[in-house]
Amino acid sequence: MKKILVVGGGGREHAILWKLSQSKEDLALHCAPGNGGIEQLATCVPIKADDVEGIVAWSKENGMDLVFVAPDDPLALGMVDALQKAGIRAFGPTRAAAEIEWSKSYSKWLMKKYGIPTADFEVFDDADAAIAYLENAKYPIVVKADGLALGKGVLICEDFAQAKQAVQEIMLDQKFGAAGSQVVIEEFMTGPEVSVLAFCDGKTILPMLSAQDHKRAYDNDEGLNTGGMGTFCPSPKFTQQMQKQTQKDIFEKTVEALNAEGREFKGVIFFGLMLTPEGIKVLEYNARLGDPETQSVFLLLETDLLDIIDAVIDGTLDEIELDWKDGSAVCVVMASGGYPQKYESGKLITGLDKVDEDVVVFHAGTKSRDGGIYTNGGRVLGVTAMGKDIPAAREKAYDNVKRIRFDDAFYRKDIGIK
């Protein structure tokens, strides 16, 4: 029996474990720290996801055959490097390779150097210089915290007053902590946004089905940016022709660029793409699976996830073919009232037993207590359904969302419409 530890405790990690639980191999699944839903699939270990020493020590003591490092923070802290140094087989990029996510300025520089299409940009480590630049900038404009900010450090500014405030919040008020020691200011691009997650073994890059995320908190893309309020997969806007072009001009070029910089990437690269009138451009890279994109994408994945993980680590991804179910998937996130700002936890969740058998409810922020499941985060559940097309999957997902209740729950009503 193979012992596997998945690091993390959100909806993405639940989706990874759900997929691993279907493997043809006999697996003993563990998760650190996990959540109330993950507990039903894996043994939860009370170690924080960013506790590098704790995860390495526990994995060694308990003879883990594989550790899958899923979230951005532990990757940025070098957890994969530490596991490898301890002789533990690990899935995920090294700290150096993961810099394409934990430093937006590095990722923009890499794209510029190697001719990967992206928005024009400037980087500042001085707030006054950034504000002076913004006085003569073209609006709208995008102001980003350089480091990791849980998907919330990107601010679209309509005029100078908003942009100045964004720089002050990020750099002077340190709203996102150390992530705001530098800002990236870039041109505002227009067009549909598409996410493509791709497995990479350092040589071969194998894209998964495209997805579209809904970042804003409320319907019609209003409200603050969140970690993601729902996704659908595949994106009808991302055609086969676009896929072929992107494979050559963006996906493979990125792998070549990282290799040229001596940063072999093994794991998953998330490409945030913008289908602009001038062509497809990269909005951002992430160095791991997206959340909640993974929930809808994995619902359609047929190939054994463990086979893919092994091929990525061993450098044999060229021998793998990704098989997909026909149809579409839609994930609707149910969140705590007040998210992405202040919200309360500890609300009892009911109706989980009333969900259709072919609908999967991925737990993001939950806790089990006294035989019940309670809210324990901003994003609480990802109700994910399949259908012959997006409208059918959407209808099924929302039909099941209505069966689940907790105090102050809210969700967007327009996932999968745009």
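Visitor: In which strand is the place of Lys144?

Guide: Lys144 sits in strand β7, which covers residues 141-145. Keep in mind that this is a predicted model.

Visitor: Does Lys144 count as buried or exposed, and why?

Guide: The general idea is a cut-off: a residue is called buried when its relative accessible area is under 20%. Lys144 has 6% relative accessibility, so it counts as buried.

Visitor: Which polar contacts does the side chain of Lys144 make?

Guide: One polar contact is with the side chain of Glu186, at 3.0 Å. The side chain of Lys144 also reaches a backbone atom, the oxygen of Leu283, at 3.2 Å.

Visitor: Which residues is Lys144 in contact with, leaving aside neighbours within four places in sequence?

Guide: Glu186 and Leu283 appear again, together with Lys104, Gly153, Val154, Ile170, Gln182, Val183 and Val184.

Visitor: Now to cavities. How many of 30 Å³ or more are there?

Guide: A cavity is space where a 1.4 Å probe fits but cannot get out. The count here is four cavities of 30 Å³ or more. The largest has a volume of about 70 Å³.

Visitor: Which residues line the largest cavity?

Guide: Its lining consists of Glu193, Val194, Ser195, Gln212, Asp213, Lys215, Phe270, Gly272, Glu284 and Glu293. By class, these residues divide into five charged, three polar and two nonpolar.

Visitor: Which strands supply at least two residues each of that lining?

Guide: Three strands do so: β10 (193-201), β11 (205-213) and β15 (266-276). β10 gives the largest share, with three residues.

Visitor: What lines the second largest cavity?

Guide: That cavity holds about 40 Å³ of space. Phe68, Val69, Ala70, Leu75, Phe91, Gly92, Pro93, Val268, Ala287, Arg288 and Leu289 form the lining. Nine of these residues are nonpolar, one is polar and one is charged.

Visitor: Where does the second largest cavity lie with respect to the domains, and why?

Guide: The way to read this is to see which domains give residues to the lining. Domain 1 (2-92) and domain 3 (193-319) both do, so the second largest cavity lies between them.

Visitor: Which domains does the assignment give for the protein?

Guide: Besides domain 1 (2-92) and domain 3 (193-319), the domain assignment gives domain 2 (126-181) and domain 4 (328-410). By these bounds, Lys144 of strand β7 falls in domain 2.

Visitor: What separates the centres of domain 1 and domain 2?

Guide: Taken over C-alpha atoms, the centres of domain 1 and domain 2 are 35 Å apart.

Key. Residues are numbered from 1 along each chain as its sequence is written. This is a predicted model: local features need pLDDT of at least 70, side-chain atom pairs count only at pLDDT 80 or more; totals for chains, interfaces and linings use all residues. Side-chain values use heavy atoms; hydrogens and water are left out. On a 1 Å grid over the protein atoms alone, a cavity is a set of points where a 1.4 Å probe fits but cannot get out, and a pocket is an open set with protein on both sides within 12 Å along at least five of seven lines; lining residues have an atom within 4 Å of a point. Grid points are joined across faces, edges and corners, and a volume is the space filled by probe spheres set on the points. Helices (H or I, at least four residues) and strands (E, at least two) are DSSP runs, numbered from the N terminus. Ala, Val, Leu, Ile, Met, Phe, Trp, Tyr, Cys and Pro count as nonpolar, Asp, Glu, Lys and Arg as charged, and the others, Gly among them, as polar. Domain bounds come from an automatic or database domain assignment. Buried means under 20% relative accessible area, exposed over 50%, partly exposed in between (1.4 Å probe, protein chains only). A polar contact is a pair of N or O atoms within 3.5 Å; within protein, one must be able to donate a hydrogen and the other to accept it, and residues adjacent in sequence count only if both atoms are side-chain atoms. Contact means heavy atoms within 4.5 Å.
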